[in-house]
Amino acid sequence: PSPADSNSGHGTHVAITIAGDGTGNATATGIAPEAYIIAYALEHDPTGVFGRLGSIYDMLRHAEQEGSRVSVNAWGLNGNRGAYTADSRSVDVFVDDNPEFLPIFSAGDDVAQDPSKVQAPSTAKNVLSIGASTTSLDTMANFSANGPTLDGRVKPDLVAPGVGICS
């Protein structure tokens, strides 16, 4: 893991799963090995406080201005599980303003959570919400939210392998 990804290495793992070029292990080439990565420091500090500079709209706007058309966000906010929050709305407004941009968010990745509740901002209407399956593909991983949202919308939108992934 990167020293900047100090709490878990999760962000580094996801970035390399997407954009790894296979250096050191050709079998671990990412799904988009020529992608350009723009990273943001988003973590829960040791006290549990989630840190982010600015609004989620500003973060997505910066990525879009840097040339991104897809934003992969393997994080969610604690609390308000399943709720359409201000951050969810902010993402929806951004996509409405930038219809060529696709934000992708983790449905939720906490073993202790209620698996029926998707984490915001994956509850936004204009994001691709991703859940994780086990290696058998027909079973949700025990840490993945499986929806729906509190207002009854189906989330996650897509489920993909999320266990035993090499990056």
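## A tour from F101 outward

Select F101. F101 has a relative accessibility of 2%, so F101 counts as buried, the cut-off being under 20%. Keep in mind throughout that this is a predicted model.

**Stop 1: the aromatic cluster**

Keep F101 on screen and add F94. The two rings form an edge-to-face aromatic pair. Their centres are 5.1 Å apart, with 85 degrees between the planes. F94 is buried too, with a relative accessible area of 1%.

Now add Y57. What is the geometry of the Y57 and F94 rings? The ring centres lie 5.1 Å apart and the planes meet at 80 degrees, so this pair is edge-to-face. That angle passes the cut-off of over 60 degrees. Y57 sits in helix α2 and F94 in helix α3. The two residues are 37 apart along the chain, and the pair links distant parts of it.

How many aromatic pairs does the model hold? The count is two. Y57, F94 and F101 together make one aromatic cluster.

**Stop 2: the whole fold**

Zoom out and colour by secondary structure. There are three helices and six strands. Starting at the N terminus, the order reads α-β-β-α-β-α-β-β-β. The protein has 167 residues, and 37% of them count as buried.

Switch on the molecular surface. The accessible area is about 9,100 Å². Carbon and sulfur atoms own 56% of that area.

For a contact map, look at pairs at least 6 apart in sequence. Of those contacts, 66% join residues at least 24 apart.

**Stop 3: the largest nonpolar core**

Select I56, L60, V91 and F105. These residues belong to the largest nonpolar core, which has 13 members, and they touch the most other members. Which elements give two or more residues to this core? They are α2, residues 56-65, and α3, residues 86-97. Helix α2 supplies the largest share, five residues.

**Stop 4: F105**

Centre the view on F105. This residue lies in strand β4. Is F105 buried or exposed? Its relative accessibility is 1%, so F105 counts as buried.

Next, show what F105 touches, leaving out residues up to four places away in sequence. Work through the list in chain order:

- Pick I56, then N73 and W75.
- Go on to V91.
- Then take P121 and S122.
- End with V127, L128, S129 and I130.

Two of these contacts, I56 and V91, were picked out at the core stop along with F105.

One distance to display here: C-alpha of F105 to C-alpha of P156. The separation is 9.2 Å, for residues 51 apart along the chain.

**Stop 5: the salt bridges**

Side chains of opposite charge can pair when their charged atoms come close. A search of the whole structure turns up four salt bridges. Three of them are visited here, beginning with D58 and R61.

Select D58 and R61. Their closest N and O atoms are 3.0 Å apart. Why do these two stand about one helical turn apart? Both are in helix α2, and they are three residues apart. D58 is partly exposed at 34% relative accessibility. R61 is partly exposed as well, at 36%.

Move to E64 and R69. These side chains meet in a salt bridge, at 3.5 Å from N to O. Check the burial of each partner. E64 has 17% relative accessibility, so E64 counts as buried. R69 is at 38% and counts as partly exposed.

Then jump to D151 and R153. The closest N and O atoms of this salt bridge are 3.1 Å apart. D151 is partly exposed, with 47% relative accessibility.

**Stop 6: a nonpolar patch on the surface**

Turn the surface back on and select V70, V72 and L102. Together they make a nonpolar surface patch of about 220 Å².

Look at L102. Its relative accessible area is 35%, which means L102 is partly exposed. That value clears the patch cut-off of over 30%. L102 is in strand β4, which spans residues 102-106.

F105 is in strand β4 too. Show L102 and F105 together as a last view: L102 is partly exposed, whereas F105 is buried.

Terms used
Residues are numbered from 1 along each chain as its sequence is written. This is a predicted model: local features need pLDDT of at least 70, side-chain atom pairs count only at pLDDT 80 or more; totals for chains, interfaces and linings use all residues. Side-chain values use heavy atoms; hydrogens and water are left out. Patches are made of residues with over 30% relative accessible area and no salt bridge: like charges are joined within 9 Å, nonpolar side chains (Val, Leu, Ile, Met, Phe, Trp, Tyr) within 5 Å. Accessible areas come from the Shrake-Rupley method with a 1.4 Å probe; for residues, only the protein chains shown count as cover. Helices (H or I, at least four residues) and strands (E, at least two) are DSSP runs, numbered from the N terminus. Buried means under 20% relative accessible area, exposed over 50%, partly exposed in between (1.4 Å probe, protein chains only). A nonpolar core is a set of buried Ala, Val, Leu, Ile, Met, Phe, Trp, Tyr and Cys residues joined through side-chain atoms within 4.5 Å. Contact means heavy atoms within 4.5 Å. Rings of Phe, Tyr and Trp (its six-membered ring) pair if their centres lie within 6.5 Å; planes under 30 degrees apart count as stacked, over 60 as edge-to-face and the rest as tilted.
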